[in-house]
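Work through the exercises below with the sequence and the structure side by side, and try each task before reading its solution.

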Amino acid sequence: MVQTARESTVTSSRPRLVGVDAARGLALLGMFVAHAAPRGAADGWDHLLLEAASERSRLLFAVTAGLGLGLLTGGSAPSADRTGLRRRIAVRGLFLLVLGSLLTLLDPPVRVILDEYGAAFLLVLPVLFLPRRWLLGAGAAGVVLLSGLAAALGTVPAVRGQRSEPWGFLVDWLVTGAYPLLIWVPVLLLTLGCVRLDLARTRRVAVIAVLALGAAVVGLLVGGLVATPVEVAVGSTVRGVPRLALGTSLTVAGNVALGLAVALGLVLLTSSAGLVGRVARRALSPLAAAGSMPLTLYTAHVLLLELLAGEDRRLDDSWALVAGLVVGSLVVGWAWRRWMGRGPLEQLVVALSAPSRRGPTATP
């Protein structure tokens with residue numbers, strides 16, 4: 001790639017990873033708020049913060065998952081070993097699926113995200129290496145259309161009734177759950193397509209971030225007029241299913257765009273040359289460290305909340321608990337990454353999905 005005076009290029013992949021890790025760490029902390037913060041009055045700041053953290057952190061997770069998939073598969077120049085990459089991602093998806101299912105069997109007081117995460121990885125395998133225009137088009141259309149479809153289907157009694165059947169978990173995964181695959185998969189495709197545009201091109205990343213921010217403002221403002229965030233969150237049909245579907249589509253699209261703008265903004269900030277970039281990378285290092293081992297920290301927090309839950313499977317939510325989770329994750333994540341490297345579960349996933357080495361000509 002030739003560097004020109006009109007477009008600066010990040011020469012190292014590490015600043016890009018720092019930005020994506022920091023965004024993932026932010027999503028992780030938002031999940032802690034959503035899971036452990038007390039619910040205040042409906043018009044209180046704490047209730048508004050909780051609603052924002054619950055919706056936007058899970059979609060920011062999906063955004064960073066797609067960015068991570070794009071970087072893992074070669075960024076703007078996908079690797080020639082596509083079969084090997086698909087195998088590695090399939091193993092990771094299956095690992096997340098099994099781990100998420102095991103955590104769910106513990107009946108924790110929070111909704112586990114990992115099994116849907118793994119299922120989404122498996123579903124995108126056939127289209128991982130589609131041309132970027134197809135990924136961007138299918139992802140954007142899916143985010144707008146399928147999120148509204150999921151909201152509409154979730155109001156159908158026959159669909160909701162399937163949740164009590166043996167295959168009800170599939171309905172939950174696809175439509176009625178907190179993390180429906182009808183939303184997750186398009187987000188993965190959209191952000192995967194963004195990586196194919198080349199995150200090393202600073203000006204291009206800045207343009208995408210600005211466009212995403214504009215889309216977020218329009219989507220959230222207009223979506224809030226059609227159906228309030230509370231109506232979208234609970235699937236209220238008081239004002240009609242069409243309004244709920246349209247409001248959900250606009251709100252989800254706005255939140256996805258906001259998550260993309262935040263993630264790319266952090267990529268730009270940590271990729272900056274000179275003093276700004278160095279200060280940003282140092283200041284964000286604890287957040288990026290936590291974001292580099294999300295599987296370990298997320299699993300640990302689910303297990304901790306399971307231990308703290310009472311017999312009624314409810315938590316004594318408090319801001320002290322949120323603070324403990326946040327500070328503990330930042331400190332443990334930073335220390336572990338500094339002295340140990342990858343998180344323990346991340347090391348296990350890498351070991352399971354690493355290419356086999358057979359004979360002297362095996363690829364390292």
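## Exercise 1: Arg160 and its setting

Task: decide whether Arg160 is buried, partly exposed or exposed, and place this residue in the chain.

Solution: Arg160 has a relative accessibility of 40%, and because the partly exposed class lies between 20% and 50%, Arg160 counts as partly exposed. The model in which this is read is a predicted one. As for its place, Arg160 belongs to helix α6. A last step looks along the chain to Val171, which is 11 residues apart from Arg160, and finds 8.1 Å between the C-alpha atoms of the two.

## Exercise 2: The protein as a whole

Task: state how many helices and strands the protein has, and what share of its residues is buried.

Solution: Counting the elements gives 16 helices and zero strands. Turning to accessibility, 49% of the 364 residues in the protein are buried. A further step concerns contacts with a separation of 6 or more, of which 76% are accounted for by residues 24 or more positions apart.

## Exercise 3: The nonpolar cores

Task: find which residues have the most contacts inside the largest nonpolar core.

Solution: The largest nonpolar core has 87 residues, and within this core Leu114 and Trp184 are the ones with the most contacts. There is also a second core, separate from the largest one and made of five residues, among them Ala150, Val159, Val175 and Leu182. As general background, nonpolar side chains in soluble globular proteins tend to be buried together. Returning to Leu114 and setting aside its neighbours within four places in sequence, the contacts of Leu114 include Leu96, Leu99, Leu103, Leu295 and Thr299.

## Exercise 4: Helices α3 and α14

Task: describe how the axes of α3 and α14 are placed, and which residues meet where these helices are in contact.

Solution: Helix α3 covers residues 82-105 and helix α14 covers residues 294-308, and their axes come within 11 Å and cross at roughly 10°. Because angles under 35 degrees count as roughly parallel, α3 is roughly parallel to α14. The crossing of these two helices is left-handed. From α3 come Phe95, Leu96, Leu99 and Leu103, which meet Leu295, Thr299, Val302 and Leu303 of α14. Sorted by class, this contact holds seven nonpolar residues, one polar residue and no charged ones.

Helix α14 is also the place of His301, a residue that is buried, with a relative accessible area of 2%. Not counting residues up to four places away in sequence, His301 touches Phe32, His35 and Leu325.

## Exercise 5: Helices α8 and α11

Task: say in which sense α8 passes α11, right-handed or left-handed.

Solution: Begin with the axes of α8 (residues 181-196) and α11 (residues 241-271), which come within 12 Å and cross at roughly 35°. The crossing in which α8 passes α11 is right-handed. On the α8 side the contact is made by Ile183, Val187, Leu190, Thr191 and Cys194, and on the α11 side by Val252, Val256 and Leu260. By class, seven residues of this contact are nonpolar, one is polar and none is charged.

## Exercise 6: Thr155 in its loop

Task: locate Thr155 and find which residues are in contact with Thr155 beyond its neighbours within four places in sequence.

Solution: Thr155 sits in the loop between α5 and α6, where Thr155 is partly exposed, with a relative accessible area of 23%. Beyond those sequence neighbours, Thr155 is in contact with Gly235, Thr237, Val241 and Leu244. Finally, Thr155 and Ala245 are 90 residues apart along the chain, while their C-alpha atoms are separated by 9.9 Å.

Technical notes:
Residues numbered from 1 in each chain as written. Predicted model: local features only at pLDDT ≥ 70, side-chain atom pairs only at ≥ 80, totals over all residues. Heavy atoms only, no water. Core = buried A, V, L, I, M, F, W, Y, C linked by side-chain atoms within 4.5 Å. Buried < 20%, exposed > 50% of the residue type's maximum accessible area, 1.4 Å probe, protein only. Contact = heavy atoms within 4.5 Å. Axes fitted to C-alpha atoms, helices over the stretch in contact; angles between N-to-C directions. Helix = DSSP H or I, 4+ residues; strand = E, 2+ residues; numbered from the N terminus. Left-handed = near helix turned anticlockwise from the far one by under 90°. Nonpolar A, V, L, I, M, F, W, Y, C, P; charged D, E, K, R; others polar. Parallel < 35°, antiparallel > 145°, perpendicular 65-115°, else oblique.
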